[in-house]
Amino acid sequence: MKNNKLFKLVATAMFTAMIFVLTRFISVPVATGYVHFGDALVYLTASVLGGPWAFFAAAVGEALADVASGWFTYAPATLIVKALIALPFVLVNKKNEKILTPLTALFTIPAGMITVGGYFVADMIIDKAYAVVNIPGNIIQAVGSAVIFIVLAAAFDAAKLKQKLFSDRGEKHYG
C-alpha cells in the first residue's frame with residue numbers, strides 16, 4: 001500500500017532526526033568524546049519501526065551526529081555499531097504491542113555490550129591509545145541509554161503510542 005510506504009519513510013526521517021538531535025545536542029562531553037542518549041531512541045525506534053527502517057534511522061542519525069560533532073573518523077564505525085544495537089529490539093519486538101517488556105529491558109545489556117565492544121574495535125583501528133580509555137565513557141553511555149529507554153518506553157506504552165501510530169495502518173506492525 002502506497003500510504004504505508006510513505007508513512008514508513010516519514011517516520012524513519014523523523015526518528016533519524018530525533019536520534020541525531022539526542023546524540024549531537026543532548027550530550028555530556030567527556031575526555032575522549034561525549035556521552036549521549038541517542039542510543040535510547042535507537043532502541044525505541046527499533047521497537048516501533050522494525051526492520052531496515054530502524055537500521056537506517058539508527059545508523060544514519062548517529063553517524064551524522066559524529067560528523068557534526070567533528071568525530072569524522074568514527075562515523076563508519078557508528079554506521080555499523082548503531083545498526084547492530086537496533087537488531088535485538090527489531091527481532092524481539094516485531095509483533096509485540098508493548099515497547100517495554102522484560103525482554104526489551106534485558107536487551108539493553110547486549111546492546112550496551114555491542115556499543116562498548118564495537119567502539120573498542122573501532123578504537124583499535126583508529127587509534128589504539130584510546131581503545132581502553134574510551135571503555136568507561138561507553139559504559140556510562142550504555143547504562144544511561146538503558147535507563148532513558150526504559151522511561152521513554154514506559155511512557156509510550158502508557159499512552160499506547162505504538163498501537164495508535166504504528167499498528168492502526170492496515171498492518172499488525174511495520175518492519
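Modeller: Two residues are in contact when their heavy atoms come within 4.5 Å. With that in mind, and remembering that this is a predicted model, let us look at the chain together. Among contacts in the protein chain between residues at least 6 apart in sequence, 72% join residues at least 24 apart.

Colleague: Thanks! What makes up the secondary structure of the protein chain?

Modeller: There are seven helices and two strands. Their order along the sequence is α-β-β-α-α-α-α-α-α.

Colleague: How do you know that the radius of gyration agrees with a compact globule?

Modeller: We set one value against another. A compact globule with 175 residues would have a radius of gyration near 16 Å, and the protein chain has 16 Å, so the two agree. As for its extent, the C-alpha trace spans about 50 × 30 × 25 Å along its principal axes.

Colleague: Why is Glu 62 called buried?

Modeller: Buried means under 20% relative accessible area. Glu 62 has 1%, so it is buried. This residue is found in helix H3. Leaving aside neighbours within four places in sequence, its contacts include Ile 19, His 36, Asp 39, Thr 78 and Lys 82.

Colleague: And what makes Thr 12 buried?

Modeller: The reasoning runs along similar lines. Thr 12 has a relative accessible area of 3%, so it counts as buried, the limit being under 20%. Thr 12 sits in helix H1 (residues 2-24) and touches Leu 49, Trp 53, Phe 56 and Ala 57, not counting residues up to four places away in sequence.

Colleague: Why is Leu 64 called partly exposed?

Modeller: Partly exposed lies between the two limits, under 20% for buried and over 50% for exposed. Leu 64 has 45%, so partly exposed is the right term. You will find Leu 64 in helix H3 (residues 51-68).

Colleague: Which term fits Val 121, in helix H5 (residues 102-126), and why?

Modeller: Its relative accessible area is 48%, so Val 121 is partly exposed. Val 121 also belongs to a nonpolar surface patch of about 540 Å², made with Phe 120, Met 124, Ile 125, Ile 126 and Val 132. Patch residues need over 30% relative accessible area, and Val 121 has 48%, so it passes that cut-off.

Colleague: How do you know that helix H2 (residues 38-48) is largely enclosed by the rest of the structure?

Modeller: By counting its buried residues. They come to 11 of the 11 residues, so H2 is largely enclosed. Among them are Gly 38, Leu 41, Tyr 43 and Val 48. After H2 comes Gly 50, with a positive phi near 75 degrees.

Colleague: What does H2 give to the largest nonpolar core?

Modeller: That core has 29 residues, and those with the most contacts inside it are Val 42, Tyr 43, Leu 44, Ile 99 and Phe 149. H1, H2, H3, helix H4 (75-92), H5 and helix H6 (135-158) each give two or more residues. H2 gives the most, with seven residues.

Colleague: Which residues does Tyr 43 contact, leaving aside its neighbours within four places in sequence?

Modeller: The list includes Ile 85, Phe 89, Ala 111, Ala 146 and Phe 149. In soluble globular proteins, nonpolar side chains tend to be buried together.

Definitions and conventions
Residues numbered from 1 in each chain as written. Predicted model: local features only at pLDDT ≥ 70, side-chain atom pairs only at ≥ 80, totals over all residues. Heavy atoms only, no water. Patch = residues over 30% accessible without salt bridge, like charges linked within 9 Å, V, L, I, M, F, W, Y side chains within 5 Å. Areas by Shrake-Rupley, 256 points an atom, 1.4 Å probe, with all protein chains shown as cover. Salt bridge = Lys/Arg side-chain N within 4 Å of Asp/Glu carboxyl O. Buried < 20%, exposed > 50% of the residue type's maximum accessible area, 1.4 Å probe, protein only. Helix = DSSP H or I, 4+ residues; strand = E, 2+ residues; numbered from the N terminus. Rg over C-alpha atoms; globule rule 2.2 N^0.38 Å. Core = buried A, V, L, I, M, F, W, Y, C linked by side-chain atoms within 4.5 Å.
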